[in-house]
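Let's take a walk through this protein together, starting from a single side chain and working outwards. Keep the 3D view open and turn it as you read.

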Amino acid sequence: MTDSHYEAAAAPRMATRFRGFLPVVIDVETGGFNSATDALLEIAAVTVGFEDDGQLAIRESASYHVAPFEGANIEPASLEVNGIDPHHPLRPAIPERDALGRIFRMVRETMKADGCKRAVLVGHNAHFDLGFLNAAIARSGIKRSPFHPFSCFDTATLAGVAFGQTVLRRAATAAGMSWDNEAAHSARYDTEQTAHLFCTIVNRFQPIFEAVPPEPQR
């Protein structure tokens with residue numbers, strides 16, 4: 001093991017753990033399944049970082065109610081699942097562009113602190129969340145997103161490998177986590193649970209990562 005690889009294993013830094021990517025857990029609550037036509041109603045983000053003992057842990061979280069974009073479709077069946085009333089007078093909803101701007105600011109600050117070049121979305125069935133994120137980015141006219149446009153880490157897949165479970169609730173239970181059915185299907189709760197699950201899996205696989213030979217110097 002080279003000195004550089006030993007240092008990375010002994011005191012892991014995000015910039016060396018995921019090929020320069022910063023994993024950011026994202027969850028969205030929506031008015032349907034079609035990212036092009038259905039409303040984005042909530043979005044939450046959680047950043048993760050390495051502790052002094054080398055364990056990956058939750059660092060910072062943010063969540064926002066989002067105002068449906070003009071002409072957005074909202075399916076009643078989706079609202080029955082997530083319990084959102086998009087038109088409630090006390091719902092503190094903000095435009096998509098504002099919600100994304102606040103999350104992207106948090107992500108970029110963390111990327112800079114960790115020396116990462118780009119963020120990668122972590123989600124449970126991640127391509128669903130990435131599709132809605134990319135659609136909101138396009139609608140908002142945002143030219144520079146910190147997120148990779150198509151790569152993602154899917155905790156449904158990771159949990160299937162690690163625990164034999166792909167449903168978030170069952171995967172969390174198999175990982176020894178608590179689960180609150182009443183809180184589920186809010187973007188903040190699901191994102192934080194997904195982040196805990198992701199950290200648990202990464203930490204369990206850390207010995208395998210440390211045993212991987214370093215790439216040869218060129």
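F147 is buried, because its relative accessible area is 3% and anything under 20% counts as buried. Keep in mind that you are looking at a predicted model. Which residue shares an aromatic pair with F147? The partner is F104: the ring centres are 5.9 Å apart and the planes meet at 50 degrees, so the pair is tilted. That angle falls between the limits of 30 degrees for stacked and 60 for edge-to-face. The two rings come from distant parts of the chain, since F104 belongs to helix 4 (residues 96-114) and F147 to strand 6 (residues 147-154), 43 residues apart. F104 is buried too, with a relative accessibility of 3%.

Now move to another part of the aromatic network. In total the model has seven aromatic pairs. One of them joins F18 and F198, whose ring centres lie 6.2 Å apart with planes at 35 degrees, so this pair is tilted. What does this pair tie together? F18 sits in the loop between helix 2 (14-17) and strand 1 (21-30), while F198 is in helix 8 (residues 187-211), so the contact connects parts that are 180 residues apart in sequence. Both rings are buried. F153 joins F18 and F198 to form one aromatic cluster.

Charged side chains also meet rings here. R17 lies over the face of F18, 4.8 Å from the ring centre. Elsewhere, the charged end of R139 sits over the ring of F69, at 3.9 Å from its centre.

From F18, follow the chain into strand 1. Is this strand mostly covered or mostly open? Mostly covered: 10 of its 10 residues are buried. In a regular strand, side chains alternate between the two faces of the sheet. Here F21, P23, V25, D27 and E29 point one way, and L22, V24, I26, V28 and T30 point the other way. Residues of both sets are buried.

Strand 1 has neighbours to look at as well. It runs parallel to strand 5 (residues 118-123), with five bridges joining the two, and F21 stands opposite R118 of strand 5. With strand 2 (residues 40-50) the arrangement is antiparallel, and seven bridges join the strands. There, D27 stands opposite A44.

For a contrast, go to G71, in the loop between strand 3 (56-66) and helix 3 (76-82). Is G71 buried or exposed? It is exposed, because its relative accessible area is 71% and the cut-off is over 50%. G71 and F18 are 53 residues apart in sequence and 39 Å apart in space, C-alpha to C-alpha.

Finally, step back to the whole protein. It has eight helices and six strands, which run α-α-β-β-β-α-β-α-β-α-β-α-α-α from the N terminus on. The C-alpha trace spans about 60 × 40 × 25 Å along its principal axes. For 218 residues, a compact globule would have a radius of gyration near 17 Å, and the protein has 18 Å, which agrees. Buried residues make up 47% of the 218. Of the contacts between residues at least 6 apart in sequence, 71% join residues at least 24 apart. The exposed surface comes to about 11500 Å², with carbon and sulfur atoms supplying 52% of it.

How values were computed. Residues are numbered from 1 along each chain as its sequence is written. This is a predicted model: local features need pLDDT of at least 70, side-chain atom pairs count only at pLDDT 80 or more; totals for chains, interfaces and linings use all residues. Side-chain values use heavy atoms; hydrogens and water are left out. Rings of Phe, Tyr and Trp (its six-membered ring) pair if their centres lie within 6.5 Å; planes under 30 degrees apart count as stacked, over 60 as edge-to-face and the rest as tilted. Helices (H or I, at least four residues) and strands (E, at least two) are DSSP runs, numbered from the N terminus. Buried means under 20% relative accessible area, exposed over 50%, partly exposed in between (1.4 Å probe, protein chains only). A charge sits over a ring if NZ of Lys or CZ of Arg is within 6 Å of the ring centre and within 35 degrees of the ring normal. Two strands pair if DSSP finds at least two bridges between them. The radius of gyration is taken over C-alpha atoms; the globule rule is 2.2 Å times the number of residues to the power 0.38. Contact means heavy atoms within 4.5 Å. Accessible areas come from the Shrake-Rupley method with a 1.4 Å probe; for residues, only the protein chains shown count as cover.
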